[in-house]
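Student: Could you take me through one part of this protein slowly, as if we were looking at it together? I would love a close look at a sheet and how its strands fit with one another.

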Amino acid sequence: MSGSYDDSVGVEVSSDSFWEVGNYKRTVKRIDDGHRLCNDLMNCIHERARIEKVYAQQLTEWAKRWKQLVEKGPQYGTVERAWCAFMSEAEKVSELHLEVKGSLMNEDFEKIKNWQKEAFHKQMMGGFKETKEAEDGFRKAQKPWAKKLKEVEAAKKAYHAACKEEKLAISRETNSKADPALNPEQLKKLQDKVERSKQDVLKTKEKYEKSLKELDNATPQYMENMEQVFEQCQQFEEKRLRFFREVLLEVQKHLDLSNVASYKNIYRELEQNIKTADAVEDLRWFRANQGPGMSMNWPQFEEWSADLNRTLSRREKKKASDGVTLTGINQTGDQVSQPNKHSSLSVQSNTVQSVQSSYNPFEDEEDTGSTVSEKEDSKIKNVSSYEKNQGYPTDWSDEESNNPFSSTDANGDTNPFDEDTSPAMEVRVRALYDYEGQEQDELSFKAGDELTKMENEDEQGWCKGRLDNGQVGLYPANYVEPIQ
């Protein structure tokens with residue numbers, strides 16, 4: 001848009017009209033703006049695609065995390081399936097948003113990029129070919145008229161100067177007539193100057209009117225030529241505007257999931273899954289599998305046997321999933337079952353002391369749930385101390401090959417503190433539940449008591465700790481939490 005000659009030089013622009021010399025540059029600039037707007041639209045779509053991708057990833061992570069939490073938590077039955085339906089919905093919606101991201105980038109973004117490349121052609125010296133063609137067209141159309149406009153301005157200036165000089169000469173002549181000191185010769189000179197000034201006014205006025213007439217005659221052709229170049233620019237801009245409208249409509253279709261059949265089906269299925277939740281059915285199942293509906297081998301008179309005289313060590317009792325092992329009782333009869341991990345629970349014998357009644361698994365759920373929401377980095381296995389896959393085996397093998405401890409261990413001749421444990425720093429912990437020691441080397445405490453953990457959790461889920469009164473012993477690791 002540069003050249004050795006500029007028609008607008010020396011011409012005073014009197015208004016903001018398009019027809020003024022040089023005001024066509026706004027129309028030329030619109031071409032450059034069109035290229036920049038293509039970049040802006042591509043950036044806009046790219047940012048939206050990135051948002052869709054991040055949202056899809058967050059939905060997937062949320063669904064995976066909470067699906068594990070619900071499956072390992074205490075919820076059961078049809079309500080559990082209804083709860084998990086939300087995670088399935090998130091996974092399906094995540095897939096749809098990834099498809100949206102792909103459509104935005106692979107279709108819309110690439111379409112704009114290709115159109116921009118075809119519509120705008122860069123030059124070796126910078127700028128675009130379309131911009132230079134418009135600039136040259138306007139300059140060529142305006143050059144003759146601008147030249148005549150300069151002549152009109154020059155003639156007008158000369159005419160106004162002559163009029164000013166004439167008025168000054170007349171004023172001097174008038175003043176000299178009242179001055180007796182002036183001789184006739186000087187008065188003659190003043191009169192001659194007035195006459196010449198009048199002639200100059202007539203000459204400059206005639207030239208001014210002539211140049212103005214020539215400008216008026218050239219104006220129609222000037223307007224026609226400018227209109228022609230402007231119309232070419234309008235056609236180019238119309239293509240861009242129509243293309244943008246087309247692209248924006250396609251973007252709208254890609255973003256509008258409400259018209260996608262699979263999207264509607266996701267929430268129709270979610271609603272159906274939630275409505276299938278049946279409190280009566282879940283209560284009936286819990287009664288049959290975890291409540292009074294469970295079968296029971298009530299204690300009966302039994303003859304003495306060497307097997308019944310055997311004493312189990314704590315670690316044998318905790319070996320299988322930290323459950324309580326029954327001694328001397330064999331379970332018979334099938335329990336009412338439902339495909340759920342809770343059905344693995346079995347009955348405790350009255351020959352083994354149970355965990356104190358102050359331990360309530362539903363209180364665990366409430367306490368631990370708040371912990372998970374407050375600590376995002378906590379492990380999923382620590383969400384609840386009561387896990388649905390926790391089982392209570394009803395029998396044990398007397399064979400040495402199945403016993404990880406020697407007979408010496410079973411008789412309690414060894415010191416449990418002599419086991420190899422990994423060194424750990426002492427940590428202050430707080431009891432979550434009441435616990436009553438079942439053996440002499442176990443600690444007893446109440447919920448809320450604080451103690452010191454001396455060694456890390458072993459394979460059977462026990463920790464070594466010390467009460468504030470100095471007593472040292474073992475306690476279940478999942479009965480405490482670190483003090484923050």
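Tutor: Happy to! Let us start with one pair of residues: lysine 453 stands opposite glycine 465, which belongs to strand 3. Keep in mind as we go that this is a predicted model.

That pair sits where two strands meet. Strand 2 covers residues 450-455, and three bridges join it to strand 3. The two strands run antiparallel. If you wonder what holds such neighbours together in general, strands of a sheet pair through backbone hydrogen bonds, either parallel or antiparallel.

Now follow the chain from strand 2 into strand 3. The two form a hairpin, with six residues between them. Look for glycine 461 in that turn: its phi is positive, at about 85°.

Strand 3 itself spans residues 462-466, and on leaving strand 2 we can look at its other partner, strand 4. Here the pairing is again in the antiparallel sense, over five bridges. Two of the matched pairs are easy to find. Cysteine 463 stands opposite tyrosine 475 in strand 4, and lysine 464 has leucine 474 of strand 4 as its bridge partner. Strand 3 and strand 4 also make a hairpin, this one with five residues between the strands. Its turn holds glycine 470, whose phi is positive at about 95°.

How enclosed is strand 3 by the rest of the structure? Four of its five residues are buried, so strand 3 is largely enclosed. As for how side chains are arranged, in a regular strand they alternate between the two faces of the sheet.

Let us step back to strand 2 and go the other way. Strand 1, residues 427-431, pairs with strand 2 in the antiparallel sense over four bridges. One match to pick out is arginine 430, whose bridge partner in strand 2 is glutamate 450. Strand 1 has a further partner in strand 5, and three bridges link these two, again in the antiparallel sense. There, valine 429 finds its bridge partner in proline 482 of strand 5.

Now we can put the whole sheet together. It is an open sheet of five strands in the order 4-3-2-1-5, with antiparallel pairing. Why do strand 4 and strand 5 each have one side without a neighbour in the sheet? Strand 4 (472-476) and strand 5 (480-482) stand at the edges, and each has a single partner strand, so one side of each is left without a neighbour. The sheet is also twisted: from one strand to the next, the twist averages 50°.

Where does this part belong in the protein as a whole? The protein has nine helices and five strands. Reading from the N terminus, the elements run α-α-α-α-α-α-α-α-α-β-β-β-β-β, so to speak a row of helices followed by the strands we have just visited. Of the 484 residues in the protein, 34% are buried.

A quick look at some of those helices gives the sheet its setting. Helix 1 (residues 25-72) lies in the chain with arginine 36 in it. Helix 1 packs against helix 2 (residues 77-119) at an angle of about 165°, and their axes are 8 Å apart. That makes helix 1 roughly antiparallel to helix 2. Their contact includes 25 nonpolar, eight polar and 10 charged residues, and the crossing is left-handed. Arginine 36 is partly exposed, with a relative accessible area of 45%. Its C-alpha atom is separated by 9.7 Å from that of glutamine 116, although the two are 80 residues apart along the chain.

Another pair of helices to find is helix 3 (residues 129-177) and helix 4 (residues 184-255), which pack at an angle of about 165° with their axes 7 Å apart. That makes helix 3 roughly antiparallel to helix 4. In their contact there are 27 nonpolar, nine polar and 15 charged residues, and helix 3 passes helix 4 in a left-handed crossing.

One last residue to pick out is glutamine 142, found in helix 3. Glutamine 142 is buried, with a relative accessible area of 1%. A polar atom of its side chain lies 3.4 Å from the backbone oxygen of glutamate 20.

Conventions. Residues are numbered from 1 along each chain as its sequence is written. This is a predicted model: local features need pLDDT of at least 70, side-chain atom pairs count only at pLDDT 80 or more; totals for chains, interfaces and linings use all residues. Side-chain values use heavy atoms; hydrogens and water are left out. Two strands pair if DSSP finds at least two bridges between them. Axes are lines fitted to C-alpha atoms, for helices over the stretch in contact, and angles run from 0 to 180 degrees between N-to-C directions. Angles under 35 degrees count as roughly parallel, over 145 as roughly antiparallel, 65 to 115 as roughly perpendicular and the rest as oblique. A crossing is left-handed if the near helix is turned anticlockwise from the far one by less than a right angle, and right-handed if clockwise. Ala, Val, Leu, Ile, Met, Phe, Trp, Tyr, Cys and Pro count as nonpolar, Asp, Glu, Lys and Arg as charged, and the others, Gly among them, as polar. Buried means under 20% relative accessible area, exposed over 50%, partly exposed in between (1.4 Å probe, protein chains only). A polar contact is a pair of N or O atoms within 3.5 Å; within protein, one must be able to donate a hydrogen and the other to accept it, and residues adjacent in sequence count only if both atoms are side-chain atoms.
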